[in-house]
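Subject: Handing over a structure

Dear colleague,

I am passing on a structure that I would like you to read alongside this message. Please open it first, and then follow the notes below with the residues in view.

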Amino acid sequence: ERAHTATVAPASGSGTPTGTVAFYYYGATATPLGFGTLTNVGGVQTATLTVNAWQIAVSNATFSAQYQGDAAFSPATGTTRVQVTLPTAPNTSAAHR
């Protein structure tokens, strides 16, 4: 599992964004991997989605987070690239006694 986190803050001025963030794989806008609800973490509005390994391929993956907006703040999107790798397999060649 891997947790993806998005932080949402006003571009200018003040206020506290509320609502949800949709998380997308490959930057697709059709079907999100899931949604995270914004909560205050150390004074920062944060949404987190935990993704299972089977949901993503081994590659240089692009993830997008799209803030859905609320009554005071407009929707916005941010994108990042991550390297997705398989964990190293344990060495099972040890001799048994």
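A residue is called buried when its relative accessible area is under 20%, exposed when that area is over 50%, and partly exposed in between. By this rule, buried residues make up 29% of the 97 residues in the protein. Please keep in mind throughout that this is a predicted model.

Let me begin with the overall layout. The protein has seven strands and zero helices, so that, read from the N terminus, its elements follow the order β-β-β-β-β-β-β. If you take the contacts with a separation of 6 or more, 52% of them are made by residues 24 or more positions apart. About 6,600 Å² of the protein is exposed, and carbon and sulfur atoms supply 53% of that area.

The next place to look is the pair formed by β2 and β3. Strand β2, which covers residues 20–25, runs antiparallel to β3, and four bridges join the two. Among the partners, A22 stands opposite F35 in β3, while T20 has T37 of β3 as its bridge partner. Strand β2 is mostly covered, with five of its six residues buried. Strand β3, which spans residues 34–37, has G34 and G36 on a covered face and F35 and T37 on an uncovered one. This can be read beside a general rule: in a regular strand the side chains alternate between the two faces of the sheet.

Within β2, it is worth stopping at F23, which is located in that strand. Is F23 buried or exposed? F23 counts as buried, because its relative accessibility is 5% and the cut-off for buried is under 20%. Leaving aside residues up to four places away in sequence, F23 touches a list of residues that includes H4, T5 and A6, then L33, G34 and G36, and also A47, T48, L49, S64 and A65. As for T50, the C-alpha atoms of F23 and T50 are 10.0 Å apart in space, with their positions 27 residues apart in sequence.

H4, one of the residues that F23 touches, is found in strand β1. H4 is buried as well, because its relative accessible area is 10%, and buried means under 20%. Which residues does H4 touch, not counting those up to four places away in sequence? They are F23, A47, T48, L49, V51 and F63.

P10 offers another case, and it lies in the loop between β1 and β2. P10 counts as partly exposed because its relative accessibility is 25%, which falls between the cut-offs of 20% and 50%. With residues up to four places away in sequence left out, P10 touches G15, P17 and F73. P10 and A72 are 62 residues apart in sequence, and 9.9 Å separates them in space, C-alpha to C-alpha.

Finally, please look at the largest pocket, which has a volume of about 230 Å³. It is lined by 16 residues, and those closest to its centre are T7, V8, A9, Y67 and A76. The elements that give two or more residues to this lining are β1 (2–8), β6 (59–67) and β7 (76–84). By class, the lining of the largest pocket holds eleven nonpolar and five polar residues, and no charged ones.

With best wishes

Notes:
Residues numbered from 1 in each chain as written. Predicted model: local features only at pLDDT ≥ 70, side-chain atom pairs only at ≥ 80, totals over all residues. Heavy atoms only, no water. Buried < 20%, exposed > 50% of the residue type's maximum accessible area, 1.4 Å probe, protein only. Contact = heavy atoms within 4.5 Å. Areas by Shrake-Rupley, 256 points an atom, 1.4 Å probe, with all protein chains shown as cover. 1 Å grid on protein atoms, 1.4 Å probe; cavity = no way out; pocket = protein on both sides within 12 Å on 5 of 7 lines; lining within 4 Å. Points joined across faces, edges and corners; volume = space filled by probe spheres on them. Nonpolar A, V, L, I, M, F, W, Y, C, P; charged D, E, K, R; others polar. Pairing = 2+ DSSP bridges.
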